[in-house]
Amino acid sequence: MSDLPAGFVWGAATAAYQIEGAVAEGGRGASVWDTFSHTAGRIKNGDTGDVACDHFHRYKEDVALMKELGLTAYRFSIAWPRVQPEGRGRTNAAGLAFYDALTDELLNAGIQPWPTLFHWDLPQALEDDGGWLNRDTAHRFEDYAFAVGEQLADRAAGFMTLNEPFVVMALGYMLGIHAPGHQLGLAGGFASAHHQLLAHGMAVRALREAGARQVGIANNYAPAWPATDRDADHEAAAQLDALHNHLFTDPLLRGQYPAAVLDLVSTHAPEALNLIQSGDLATIAAPLDFLGVNYYQPDHVTADPQSPFGAKVEGVPGRERTHFGWSVVPEALTQTLTDLKARYGDDCPPIYVTESGCSQPDVLIDGRVRDEARSRYHEAHLEAVAAAIARGADVRGYFAWSLMDNFEWAEGYSQRFGLVYVDFETQERTPKDSFHWLKRRIGG
Ligand code: NCW
């Protein structure tokens, strides 16, 4: 077991729509995920986030579990439609009050609050006006960020603007697997990317104006590994690498889009490039205090001309798989972290692993969940972080995904990622064996 640096942040992460429930309480407006999950055929077993983990009512119990685990930080997201039910204009005092109370509860438990402003639950009212295809959504996000900043900046340890804008683009706007369910190819994909990036830059500005101390983003990264030595697979991997790993980072840290993405868009959707206005990249490149890295598995890539990405991603042969079918490849986390250092050098801010974890086929038997595979997963990925630090990456913390089992988007409740088991019938929480393992690991 390697040592991690002094002051290393030990966290767990969740997201509002995945845990809160109470979708019609406290003046909350509808989000794209309410609409999507209530559309027949979109979510496995017809599940919705209407109740989820009922965290809105049970947050005190959940914070007590975090304290028991020994966390020093908790990453949660704020539901934009709780704060601005119509996505614009008036703020809803009851919505802000919930996050205020959660923040105080965390601080009283000695846990740093790390809020994310957008973890996919766009107000439906904004989607009705085009969502991330509409440049105005970025301006609306700036207003929302300022409102949250005014409320929480005095107490939040680190703000993240967006969670995984790549996944919103890929699954929400290109493949239609996530809300809002669009299949728009590269033209719509790039529009959603540019407007999310612009929203990020504007929100950084707004958060700083409101007094925020540490501001970053939580991006999703995956090293792109060609499945074979064929040239076509190498080319497809390079293209996916640009879309997945560089599109949402080069503009932030270098103030420019990756050349490979510009080439791709100018070939397949040249009109989308007109969305970039002068000054946008300077806004997007607002200095960051940290970079959040969400990591799950590498992209193991085969060329696929049918895909809007030109690539098909499959598991890595010969490797253990999670219940979701994702490959367990800790050394690809080390590579992710050292690749960031190699590409951006001193322009790369300090890194936090803002998500890492696995779903497992957990069962509760006699009050116990024996999820040894999850403990091994986190242990191996913490070792992977230590290896990256030894190679010069400045990694300052690790947030396990997730604190508790929750609504796993298109998979509904069928994929359990938690350190805490949730019985969705009774809402009873049971710490899994991995919870006890992590508690010992944090305790050193
Ligand atoms: S679905 C997803 N997740 C899971 C989710 O629970 C969490 O909210 C997310 O931040 C666990 O962590 C993230 N990620 C989707 C990765 C899919 C990448 C698809 C690439 C298509 C080319």
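Student: Which helices and strands each supply at least two residues of the lining of the largest pocket?
Tutor: Keep in mind that this is a predicted model: local features need pLDDT of at least 70 and side-chain atom pairs count only at pLDDT 80 or more, while totals for chains, interfaces and linings use all residues. A pocket, on a 1 Å grid over the protein atoms alone, is an open set of points with protein on both sides within 12 Å along at least five of seven lines, and lining residues have an atom within 4 Å of a point. Helices (H or I, at least four residues) and strands (E, at least two) are DSSP runs, numbered from the N terminus. The elements that each give at least two residues here are helix H8 (165-174), strand E5 (215-221), helix H10 (231-246) and strand E9 (311-314).

Student: Which residues lie nearest the centre of the largest pocket?
Tutor: Residues are numbered from 1 along each chain as its sequence is written, and side-chain values use heavy atoms, with hydrogens and water left out. The volume of this pocket is about 1000 Å³, counted as the space filled by probe spheres set on the grid points, which are joined across faces, edges and corners. Its lining has 38 residues, and nearest the centre are Phe166, Val167, Leu171, Gln297 and Trp326.

Student: OK, and which element gives the largest share of the lining of the second largest pocket?
Tutor: The second largest pocket has a volume of about 200 Å³. Of the 15 residues that line it, Pro223, Asp241, Asn245, His246 and Asp339 lie nearest its centre. Two elements give two or more residues to that lining, H10 and helix H14 (330-344). The largest share is six residues, and they come from H14.

Student: Is Thr336 buried or exposed?
Tutor: Look for Thr336 in helix H14. Leaving aside neighbours within four places in sequence, Thr336 is in contact (heavy atoms within 4.5 Å) with Tyr221, Pro223, Val293 and Tyr295. On the accessibility scale, buried is under 20% relative accessible area, exposed is over 50% and partly exposed is in between, with a 1.4 Å probe and protein chains only. Because its relative accessibility is 4%, Thr336 counts as buried.

Student: Which residues have the most contacts inside the largest nonpolar core?
Tutor: A nonpolar core is a set of buried Ala, Val, Leu, Ile, Met, Phe, Trp, Tyr and Cys residues joined through side-chain atoms within 4.5 Å. In soluble globular proteins, nonpolar side chains tend to be buried together. The largest core here has 130 residues, and those with the most contacts inside it are Trp33, Phe141 and Leu337.

Student: Which helix gives this core its largest share?
Tutor: Try Phe141 as a way in: setting aside neighbours within four places in sequence, its contacts include Trp80, Leu117, Phe118, Ala199 and Ala203. Another core lies apart, with 13 residues, among them Ala13, Met160, Trp401 and Phe417. Back in the largest core, the largest share is eleven residues, from residues 185-209, that is, helix H9.

Student: How far apart are the end C-alpha atoms of helix H15?
Tutor: Helix H15 has many buried residues, including Ala373, Tyr377, His381 and Val385. Among the elements covering its buried residues are strand E1 (9-13), H14 and helix H16 (433-443). The expected span is 1.5 Å times one less than the number of residues. H15 has 19 residues (372-390), so it should span 27 Å, which agrees with the distance between its end C-alpha atoms, 27 Å.

Student: What phi does Gly392 take?
Tutor: Gly392 comes just after H15. Its phi is positive, at about 105°.

Student: What is the volume of the largest cavity?
Tutor: A cavity is a set of points where a 1.4 Å probe fits but cannot get out. The structure holds three cavities of 30 Å³ or more. The lining of the largest cavity includes Val32, Trp33, Phe118 and Trp132, and helix H2 (32-37) and H8 each give two or more residues to it. As for volume, the largest cavity has about 80 Å³.

Student: And what is the volume of the second largest cavity?
Tutor: Among the residues lining the second largest cavity are Tyr17, Glu20, Arg28 and Asp121. The volume is about 40 Å³.

Student: What separates the C-alpha atoms of Leu275 and Phe190?
Tutor: Leu275 lies in the loop between helix H12 (259-268) and helix H13 (280-284), and it counts as partly exposed because its relative accessibility is 28%. Not counting residues up to four places away in sequence, Leu275 touches Arg135, Ala191, His194, His195 and Asp280. Leu275 and Phe190 are 85 residues apart along the chain, and their C-alpha atoms are separated by 9.1 Å.
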